[in-house]
Each structure stands twice: as C-alpha cells, then as structure tokens.
Amino acid sequence: ACAHAFRKLFFGLCFFHAAIQERSVYGALGWNIPYQFSEADRQICIMQLEMFLTENETIPYSALRYTASEANYGGRVTEVHDRRCITMLITDYYCPDILRDEYKFSPSGIYYAPPFSELDGYIEYIRNLPFNQMPEAFGLHANANMVARINEAMKLLQTACSLQPKTTTSEGGGQSETLLVEATAQYLKELPQPFDSERVVNEYPVAYEESMNTVLHQEVLRYNRLVVRVRSTLVDVGKAVQGLVPMSSELEYVATGILMNQQPTSWKSVTYPSLKPLASYISDLRARLDFFQKWILDGIPPAFWLPGFFFTQSFITGQMQNYARRFQLPIDTLIWNFKVQKPDDELDLKPETGCFVYGLFMDGARWDDKDDVIAESLPKALFSEIPQIHFIPCEMNQDVTDKNKVYHSPIYKTSERKGVLLTTGHSTNFVMMVLLPIAKQHSEKYWTKRGVACLTQLDD
C-alpha cells in the first residue's frame, strides 16, 4: 500500500513540477512573474515525500502540500497572487483522490497518474501523451494557446523592428524627418494644454465631506506634469529636426519612439503604466484628460471611469473615506462589496452609497450577463468587457458575502500584471481585489488556475 501511494504521489509531484515550469509559456496567465524552478526543488520534495510516507501511518497531505508549495517551490514565488495559484495547483496532485485510478488531472481524461506498474508502464504512458501539450494540463483555457503564440510573435516582431535602420535616407528627401515632423504636429494637435490647477482648487476646495475634491487635485497635478513633459519634448523634437535646436540624447530617444511607435523612455518616469504603442497611448491619454475636463466642467460624475485615474488607490480610498465620514465609522472597519450591473442599466444618478465604476476588462474568462457570474471565455476572444460595477462600502461585521460563491479577482492596470512596490506600499500595477460571483459548478480554485484577472486597459 505504501509503495502504491508513493508511486501515485511521486508521479503527481513530477507532473506538478512540469506543469509549473510550462505555465510560464503562457505569460501572465501562467505566472505574473516568470520563475526558474529547478531539479533541486523536485528532489527535495521527493525526499520529503518518502520520509513522510515512511514515518506516518496516514498520509499527511497538508504537510506535503505546505513543504512543496510554500517552502520548496514556494520559496521562489515572490508575488502574492502567484503564491495563491501554486498553493491551489498542488492540491490537484497531493490529494487522496490521486490514489484512485479513475482520478484525472484534466477534464479530457488524457492526463492522470497511471495505475501501479513497473517502470516500463509509466514510460509508455508518457510517450503516448500528446506531443503538443494542451492548456487544460495546466488548468488553463484553450485560448491560452493563442496567448502563447501572440507573445512569441510579438517578441519576434519587436526584435525585427529594433534592427531596422533609423537614419534618414538619402533618396526621397529624408523620410524619417518628414515622418517626425508630421507625427509631432499630429500629437501636439491631439493633446490639449495642461489643466488650470488654480481654477480647479477654487471650484473644488478641500472639504471634509467630499474627498473626491482632493482626488481631483492630485490627478490634475499628475496629469499636468505628464502633459508638460510630453508636449515640451514633442515641440523640441520638431525643432531639432528642422535644425533649430541641438538633438540631445533625450530627444533622440523620443524621436526613436515616434519612428518605432513606442513610448519614449524619457516619459516613463512621469507617466502611468501602459503597454500601448505610442499612437494608442496618445489617444488613451487624450481620453483620460477629457474625462477629467468633463469632471471639472460638469461636476463630480455619477459613474467613474476607473482606467482614467493616474493613482487609482487614491480614488478607492477617497470613496471609502466619504462613507466613513458620512456615517462616522472607523475606516479600518470597512470593506468593499461589489454588484455588477446589467449592461443596459441606465446609471445617470449617483448611488446612495458607494460609487459606480466602469471600463474594466476580464482576462482569462468573461462576464455572463445572463446568469451574472464568471463564465468561460468565448473561442478566440482573449478579453471581454465588464459592465459597470457598484462599489458598496460595508462594515466587516455586517458582511454577508459567501466567500465560497465568489472569486477574488485581482485588478491590474496592464496585462503585464507584475509591478514594482512603491514606498507608499502600493504596487505600480496591482489596484485591488474585486469579488465576482461564480457558478455553482465552479470554485475559486478553478478560476485561480485559469489565471483570471481584471484589467483597466488593453495593449492596443
């Protein structure tokens, strides 16, 4: 019996080792940060497996899971949501069900721990596995194959673009200079002048009962700094092409970014996280500026475009602060509840409590408007829009949410998902967790393995 259990769990461990290695092929759907798991991790787990089975009458599954997912492999996992994923993945292989020959690792039944046999039997099973592994082996949707191919193609195209000559041609009157002049003129025309910050302060003074005024002040200052940097460098590039000012190294980087349709590196120190190409980035920036301009002219909007905020956590905290001050409650005793609205709901009025937000996308799954739950992605549809969500403040001791019927979905600013921890304690990419209802046949583990997350913007 011990030999049977050892071989079953040993095969499950080896499958787990291969699965977490290969998940990195699928980009952020697999892991937010790529990890280099080693044979030493697997070897120490094998030694611990043998030790636990020898020294215990019953199999200590919880100890096996902890040593593998938290200590050995988990010791390399630094991102909190990746840690959640690996701790759930190990439960598919270190579990009592794996001792049964009927237990399968995937819905198709192709992947499983073979029945007890000699070494040749295991080798024969492995040889008969599909040459091209299916995403279901890792708990992912079939669309993950498209993600892997797109990522591979984009890397190839970026390498090819970087090898293109960026100097002007002797024939045709200097195509690069013409392109730079036209592009800078177009971008300058598209971007408005900075906001009148003094007017904003006068019309929306700091008020105890309305934290959104402070949020607006902060956003205006951040966007003004970005707009000034973008407009000044675009103007200087246009002048440098005409020979009116010297072409500095900073302006060369901006000119290269324009020619390659990429965000210049000199802007990244003052901009928000974005993976969009330059043309789409300028359009996105204009949309953000228009959102706040409308806010300044028409007053606080009834619904907020969440992707438009430079520092999203400030907005989230401000809304919670409004509720806490209104009902005189300690803010650290409050949490968020979430209610996804119907797409055809007309939300022209501000809610009684909380706020309406819109503009989110779902990666790895889709929102089912009919059943109001997370559902499988449609074939070849990598992202789907989420309708407006009502963010509702709630006291912790009055929260009636059934945690077994919701998925704790992280919200990220870009599809890259990984970010840098700032001195404020916030990540440059992670925003917050949102609780979304799931169907009865699904669990949080199911969608965690799928790599499901919400995004504030796409890459195009």
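# A tour from a buried arginine outward

Begin by selecting R417, which counts as buried because its relative accessibility is 4%, and keep in mind throughout that the model on your screen is a predicted one. R417 sits in the loop between strand 9 and strand 10, and its phi is positive, at about 70°, although R417 is not a glycine.

Next, select K380, which makes a useful companion stop, since this residue other than glycine also has a positive phi, near 65°. Is K380 buried or exposed? With a relative accessibility of 68%, K380 counts as exposed, because the cut-off for that word is over 50%. You will find K380 in the loop between strand 6 (373-375) and strand 7.

**The open sheet**

Now show the strands as ribbons and pick out the sheet of five, which is open, has mixed pairing and follows the order 7-4-11-9-10. Strand 7 (383-385) and strand 10 (430-437) stand at the edges, and each has a single partner strand, so one side of each is left without a neighbour in the sheet. If you turn the view, you can follow how neighbouring strands of this sheet are turned against each other by 30° on average, with direction ignored.

Within this sheet, select residues 361-363, which are strand 4, together with residues 453-455, which are strand 11; the two run antiparallel and are joined by three bridges. One pair to pick out is D363 and its bridge partner in strand 11, A453. Then add residues 80-89, which form helix 4: this helix packs on the sheet, where it touches strand 9 (406-412) and strand 10, and its direction makes about 145° with that of strand 9.

**A buried lysine**

Move on to residues 444-450, the stretch of helix 13, and select K449 within it. K449 counts as buried because its relative accessible area is 14%, and the cut-off for buried is under 20%. Which residues is K449 in contact with, leaving aside its neighbours within four places in sequence? They are R23, L89, D92, F138, G139 and L140, and showing their side chains together with K449 lets you see what surrounds it.

**Two nonpolar cores**

Now colour the nonpolar residues and look for the largest nonpolar core, which has 71 residues; Y223, L226, W295, F315, I374 and F391 are the ones that touch the most other members. Helix 9, which covers residues 212-241, gives the most to this core, with eleven residues. Centre the view on L226, which touches V270, T271, Y272, Y281, L285 and F310, not counting residues up to four places away in sequence. Apart from this core lies another one, of 43 residues, and among them are F15, A68, L89 and Y94. You have already selected L89 once, as one of the contacts of K449.

**Stepping back**

Finally, zoom out until the whole protein chain is in view, with its 13 helices and eleven strands. The C-alpha atoms fill a box of roughly 80 × 70 × 40 Å, taken along the principal axes. Of the 460 residues, 48% count as buried, while the chain exposes about 23400 Å², of which carbon and sulfur atoms supply 55%. Among contacts between residues at least 6 apart in sequence, 71% join residues that are at least 24 apart.

How values were computed:
Residues numbered from 1 in each chain as written. Heavy atoms only, no water. Helix = DSSP H or I, 4+ residues; strand = E, 2+ residues; numbered from the N terminus. Buried < 20%, exposed > 50% of the residue type's maximum accessible area, 1.4 Å probe, protein only. Contact = heavy atoms within 4.5 Å. Pairing = 2+ DSSP bridges. Axes fitted to C-alpha atoms, helices over the stretch in contact; angles between N-to-C directions. Core = buried A, V, L, I, M, F, W, Y, C linked by side-chain atoms within 4.5 Å. Areas by Shrake-Rupley, 256 points an atom, 1.4 Å probe, with all protein chains shown as cover.
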